Amino acid sequence: MKVLGLILAGGKSERLGKLVYKRASAALPIAGKYRAIDFTLSNMVNSEIIKVGVLTQYNPRSLMDHLGSGKEWNLDRKKGGLFILQPYVGLDGQYWYKGTADAIFQNMTILRRGDEDYVLIGSGDHIYKMLYNDLYMFHFSKGADITLLTKELDETYNIKEYGTVVVDENMKINEFYEKVENPPSRRAFLGVYFINKHLLMELLYSTVPNGGNDLLLDVILPRINELKVYAYDFKGYWRNVKKGINEYYKINMEIIENREIRDELFFRNGKVFTKLKDFPPAKFGSTSNVENSIIADGCIISGTVKNSVLFRGVTVKAGAKIENSIIMQGSLIEEGAVVKNAIIDKDCVVREGQTLIGDFEPVVLEKRMII
Amino acid sequence: MRNVVALILAGGQGTRLGVLTERIAKPAVQFGGKYRLIDFTLSNCVNSGIYKVGVLTQYKPHLLNKHIGIGKPWDLDRKDGGVTILQPYFTEKEKVWFSGTADAVYQNIEFVDEYSPEYVVVLSGDHVYSMDYNELIDYHISKSSLATVACMEVPLSEANRFGIMVTDLENRIIEFQEKPSEPKSNLASLGIYVFQWNFIREILIEDAKNPESSHDFGKDIIPKIIQTKRVFAFPFEGYWKDVGTIYSYWEANLELTRPIPAFNLYDENWRIYTHSEEMPPAYISFDSKIKNTLISEGCEIYGNIENSVISQGVEIGKGTIVKNSVIMSKVKIGENCYIENAIVAENVIIGNSVKIGIGDFAENKLNKDIYNSEITVIGMDSIIEDNVTIGKNCVIGIDKVLPSNTKLDSGEFI
């Protein structure tokens, strides 16, 4: 059985504000050294998918730079490998992707040419660790046309922001509620589709030319009763960075606070691969005071760091104080500076004695800012 | 671009590192948290723009071979050149092992000839230093030299450990003493050579025919060619260390944790590349106090650490104190342990309430020449169970198991 992986990574999200001015949400740095897309990409590679197409659109530069030739994910291959699928200009004009279905439709060649039987469609914004093999088995054992990855969401998720499904005792989906107040179930769709490739091609050919551009709303939901659509139950940790700055901040803090989550994301069911940077180990000086924090390679710490994530190559000078914050790669916090409840993007400098303090919503310092 | 081939001698056993090289070659020993010793020389090569590299292995090469692989981390996976592992091989003449450093190069003449280089640099795979070999080669050319030896001034008291050179005003080598008891100078050879290939090629062929020769660059080749040929000493000013003994290995690691270390791992223009496992950033808990320490990715730290180097994927439990120690990758240390002046090799598992490095110094009973300081060494893959107490200057071999409540006095070994 061969599976083609497709990752939707073109979206832009207003709710991430300054963090996505210069990058797609899939390229958002997270957990000290990763970018959001690393999780889905690694899940696919760990599940032995050797051909992966990444659909990009919004501000793809940093995403492209990150993915490169796919070397870090063992996707620099003769057979299969990594394909970047960008909107392009053809003989008949230029087409931005109008939606997820349209994006795949415009890249029909990758579906037509390969010898894969199935397509796994995921999103570059989701933080979770999973081997898809059990999902394939579930799909076959149910004789499903389409299997959607779902999860019973607890109260820490704002359920009205998710599509939810109602399933029968066989996990067959009978109803779907797209982002409604008080849905009848808390079983949410996690944005991962597993589908027979030829069925997907048929559905796209019959829908997209007629103006249906969204894979879920226009292609699958109108046929939810004629197709056998099943819900596979995912029990692990799952978050979506696209839900906003608070959600992004919360994910980072959860990873600090909960060793279970760290073990699940990073040490079980394969590794999370990311672009290598060749930094030396982190160095803790004689005046350093670090508590409950995640520290990446290449950091040089002489100050105080509490409940924070320090990405690679961050320097914290003596007397500086960082609390409840996320400091991205290469930033410098000088002597006596105070940073609290803040997200500091890459290559920023907080000068001697300056303060940067957020409240309920963390304050964001844009890339390469100096204060 | 000059046509240069680098040959890295990586076959050495490093006997003075004792149990650390019982399973692996010296160039494969971990150093500085995430590196192995050969990374420094390999990184020097690529940072100097030398992309044709042969690595000559002999002693227990498996881990080293796996580490180097096709050279990807050093950008040495190339269509032209790249890295080639040169192992001893069998021929009609039935000779198999490399008998000396010069013999090792002699047996690989064909490999070098493939590239028809003008210069060959011969390097050691077990030194810690940063050197731009272009400066060495430029110097070699400027002196119209046939062979140039990189050297450094060392304290006269230590000169008997090195090859010592006596030079004239122009830096031409006029006398070479290999590990002399009465050194005539303090200019020591660093085991780093650049040769005109067509010159040294003939010399090596000649030397191979000489049954009297031990086929070593330091003992045979250099002393012979200085008599008639232009051979120069290149004065190197920088950090260079042969971490050949337990003490110097430990000391060089701990030096990296100083505020301004003698050797800079953080130079962005001279990165040290390595093959490292993909691991998440380190986690430091509420209860930890960490001072003057290097911590690598994948660590989960709940204890207190001072003046130590912690490699990738290490776990240190709550209430544990680690001081003045080198902890290699994937070591797991339980809760409430006390570990001082120790080198703990890869994959060792230490239980709860274990004490290492306590009591008074005593002479080591296994080998007092190798284990001659307060440092206790624990070999790869060993298991130390709960409540074990180990004194100073002890040695635990590889794959050993110390059952609960074992007490080992200073100087003992297992």
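**Exercise 1. The fold of chain B**

Among contacts in chain B between residues at least 6 apart in sequence, what percentage join residues at least 24 apart? Work this out for the predicted model, and then describe the overall build of chain B.

*Solution.* Begin with the contacts: in chain B, 58% of those between residues at least 6 apart in sequence join residues at least 24 apart. Next, take the secondary structure, where chain B has eight helices together with 31 strands. For the extent of the chain, the C-alpha trace of chain B spans about 65 × 45 × 45 Å along its principal axes. The radius of gyration of chain B is 22 Å, which agrees with the value near 22 Å that a compact globule of 414 residues would have. Finally, 52% of the 414 residues of chain B count as buried.

**Exercise 2. The two domains of chain B**

State where the domains of chain B begin and end, and describe how domain 1 touches domain 2.

*Solution.* The first step is to read the bounds, since the domain assignment of chain B gives domain 1 as 4-255 and domain 2 as 283-408. The C-alpha centres of these two domains of chain B lie 33 Å apart. Turning to the contacts, 15 residues of domain 1 of chain B are in contact with 25 residues of domain 2 of chain B. On the domain 1 side, the largest share, five residues, comes from helix 8 (residues 246-255) of chain B. By character, the residues on that side of domain 1 of chain B divide into six nonpolar, five polar and four charged.

**Exercise 3. Where chain A meets chain B**

Describe the contact between the two chains, and then follow the strands that pair across it.

*Solution.* Start with the count, which is that 24 residues of chain A are in contact with 25 residues of chain B. The elements of chain A that give two or more residues to this side are helix 9 (259-267), strand 16 (282-284), strand 17 (289-291) and strand 18. The residues on this side of chain A divide into eleven nonpolar, six polar and seven charged. For the pairing, strand 16 of chain A and strand 15 (residues 290-295) of chain B run antiparallel and are joined by three bridges, and Ala282(A) has Ile295(B) as its bridge partner in strand 15 of chain B.

A further step is to trace the open sheet of twelve strands, whose order is 30(A)-27(A)-24(A)-21(A)-18(A)-14(B)-16(B)-18(B)-21(B)-24(B)-27(B)-30(B), with mixed pairing. Its edge strands, each pairing on one side only, are strand 30 (363-365) of chain A and strand 30 (401-402) of chain B. At the chain B end, strand 27 (residues 383-384) and strand 30 of chain B run parallel and are joined by two bridges, with Val401(B) as the bridge partner of Ile383(B). In chain A, helix 8 (residues 245-257) lies across strands 18, 21, 24, 27 and 30, running at about 90° to strand 18 of chain A.

**Exercise 4. A glycine in a loop**

Is Gly70(A) buried or exposed? Support the verdict, and list its surroundings.

*Solution.* First locate the residue: Gly70(A) lies in the loop between helix 2 (61-67) and strand 5 (81-85) of chain A. Gly70(A) counts as buried because it has 20 C-beta neighbours inside 10 Å, and a residue is buried if 20 or more lie within that distance. Leaving out residues up to four places away in sequence, Gly70(A) touches Leu75(A), Asp76(A), Gly81(A) and Leu82(A). Of these, Gly81(A) is eleven residues from Gly70(A) in sequence, and the two are 7.3 Å apart in space, C-alpha to C-alpha.

Conventions: Residues numbered from 1 in each chain as written. Chains lettered and ligands numbered in written order. Predicted model: local features only at pLDDT ≥ 70, side-chain atom pairs only at ≥ 80, totals over all residues. Helix = DSSP H or I, 4+ residues; strand = E, 2+ residues; numbered from the N terminus. Rg over C-alpha atoms; globule rule 2.2 N^0.38 Å. Buried ≥ 20, exposed ≤ 12 C-beta atoms within 10 Å, placed from the backbone. Contact = placed C-beta atoms within 7 Å. Pairing = 2+ DSSP bridges. Axes fitted to C-alpha atoms, helices over the stretch in contact; angles between N-to-C directions. Nonpolar A, V, L, I, M, F, W, Y, C, P; charged D, E, K, R; others polar. Domains from an automatic or database assignment.
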